[in-house]
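The report that follows goes through a single chain, moving from selected strands to individual residues. Please keep the sequence and the coordinates at hand while reading.

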Amino acid sequence: MAASDPAATRRDDLAGLLGDLERLETIFATWDEVPRSAVEAYRRAIDALHGEALRRLIRTLRTNPAALAAMKEAVADDVVYAVLRHHELIKPSLNERVEAALASVRPMLASHGGDVRLARVAPPAIEVQLTGACDGCAASALTFHAGIKKAVQEVCPEITDIVQVKGLAPDNGVRFVSPFALGQNGTWRPVCVLSEIPEGGIRAMEIGGQRVALFRRDTAVTCFQDACAHLGLAIHDGEVENGIITCPHHGFRYDLTSGECLTAPEVQLQPHAVRVIGDWVEVRLTT
Ligand code: FES
């Protein structure tokens, strides 16, 4: 019988690789404690070896700016990202940290029949909604301040504003979609009508001498400087899928609702404030 070729069955996609691990873990879970502990110790030893090798590799690459840039590019690959996250060599994204903080208070909320939902992440603010028995409960304000705010701010110090929202915002004809832009002063400029921004897509334009990219999902619009946080190159030609844009130059990925960079969470797109009045989109540039 011919020997099996390992390359013939080798997987290279993240779902397939993780699926193989899950299947093996399911088998190990049925074993007696002694062999199960041996496998677990073996797994930890391999993890420690790989983690240390990756740490040394990153330490060396960091000393070379070109290599550092290439490393950031490599992190856009989902398998590379997953392994580096597993070894805690990449910071969790802001969304991950906020969700983890909310998960830490869920048991407390569940014991009162309630829950919390993350409605929006728009640094430096997030919006959360209490649901179940917590919604409308007289003690919910206390729950909110004592539990949720503390949990989020402990792990996300960059979030300075945590807003409790109730249901959908009333439609008063004016929507401040990006109130997290840095500039609080400045002039609102009408820039286009809503339908001139493609649904789920980007419209690039120049406003007050600045190149910007507007993104629309239904009537919600965000506006960012048309400059990738990697090398500052224009991002508007990048492919957009489900609100995520991939920079056409080296593949950095950004969430277009918040500007958060999914590739290198320590950077983000520079936001400008946007509001929609009737059909008109207005932008206030961040200075
Ligand atoms: S990923 Fe390099 S400029 Fe955008």
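## Strand S8 and its partners

Is strand S8, which spans residues 220-225, mostly covered or mostly uncovered? In this predicted model, 5 of the 6 residues of S8 are buried, and the strand is therefore mostly covered under the cut-off by which buried means under 20% relative accessible area. Strand S7, formed by residues 210-217, pairs with S8 in the antiparallel sense over 6 bridges, and within this pairing Phe215 has Thr222 of S8 as its bridge partner. S8 also pairs with strand S12, residues 271-277, again in the antiparallel sense but over 2 bridges, where Phe224 stands opposite Pro271 of S12.

Thr222, which lies in strand S8, counts as buried because its relative accessibility is 4%, against a limit of 20%. A polar atom of the Thr222 side chain lies 2.6 Å from the backbone oxygen of Leu256, so that this residue combines a polar side-chain contact with a buried position.

## The hairpin between S7 and S8

The hairpin of S7 and S8 has 2 residues between the strands, and Asp218 takes a positive phi near 60 degrees there. Asp218 lies in the loop that separates S7 from S8, and its positive phi occurs in a residue other than glycine. With a relative accessible area of 52%, Asp218 is exposed, because the cut-off for that class is over 50%.

## The open sheet S9-S10-S11

Strands of a sheet pair through backbone hydrogen bonds, in either a parallel or an antiparallel arrangement. Here an open sheet of 3 strands follows the order S9-S10-S11, with antiparallel pairing. Strand S9 (239-241) and strand S11 (253-255) stand at the edges with a single partner strand each, so one side of each has no neighbour in the sheet. From one strand to the next, the twist averages 25 degrees.

Strand S10, residues 244-246, is joined to S11 by 3 bridges, and the two run antiparallel. Within this arrangement, Ile244 stands opposite Asp255 in S11.

## Thr263 in the loop after S11

Where is Thr263 found with respect to S11 and S12? Thr263 is located in the loop between these two strands, and yet, at 5% relative accessibility, Thr263 counts as buried, because the limit for that class is 20%. The Thr263 side chain reaches the backbone nitrogen of Arg253 at 2.7 Å. When residues up to four places away in sequence are not counted, Thr263 touches Lys72, Val75, Ala76, Gly251, Phe252 and Arg253.

## Both ends of helix H4

At the start of helix H4, which covers residues 78-86, a side-chain oxygen of Asp77 comes to within 2.9 Å of the backbone nitrogen of Val79. H4 is followed by Glu88, which has a positive phi near 55 degrees, although Glu88 is not a glycine.

Glu88 is found in the loop between H4 and helix H5 (94-110). Is Glu88 buried or exposed? Its relative accessibility is 68%, and Glu88 therefore counts as exposed, since that class begins at over 50%.

## Cysteines

A disulfide is a covalent bond between the sulfur atoms of two cysteines. How many disulfides does a search of the whole structure find? The search finds 0 disulfides. Cys192 is in no disulfide, because the nearest cysteine sulfur, that of Cys223, is 9.3 Å away, whereas a disulfide requires a pair of sulfur atoms within 2.5 Å.

Cys192 counts as buried at 1% relative accessibility, and Cys228 is likewise buried, with a relative accessible area of 5%.

## The chain as a whole

The secondary structure of the chain comes to 6 helices and 13 strands. Of the 287 residues in the chain, 35% are buried. Among contacts in the chain with a separation of 6 or more, 52% are between residues 24 or more positions apart. The chain exposes about 16,600 Å², of which carbon and sulfur atoms supply 56%.

How values were computed. Residues are numbered from 1 along each chain as its sequence is written. This is a predicted model: local features need pLDDT of at least 70, side-chain atom pairs count only at pLDDT 80 or more; totals for chains, interfaces and linings use all residues. Side-chain values use heavy atoms; hydrogens and water are left out. Buried means under 20% relative accessible area, exposed over 50%, partly exposed in between (1.4 Å probe, protein chains only). Helices (H or I, at least four residues) and strands (E, at least two) are DSSP runs, numbered from the N terminus. Two strands pair if DSSP finds at least two bridges between them. Axes are lines fitted to C-alpha atoms, for helices over the stretch in contact, and angles run from 0 to 180 degrees between N-to-C directions. Contact means heavy atoms within 4.5 Å. Accessible areas come from the Shrake-Rupley method with a 1.4 Å probe; for residues, only the protein chains shown count as cover. A polar contact is a pair of N or O atoms within 3.5 Å; within protein, one must be able to donate a hydrogen and the other to accept it, and residues adjacent in sequence count only if both atoms are side-chain atoms.
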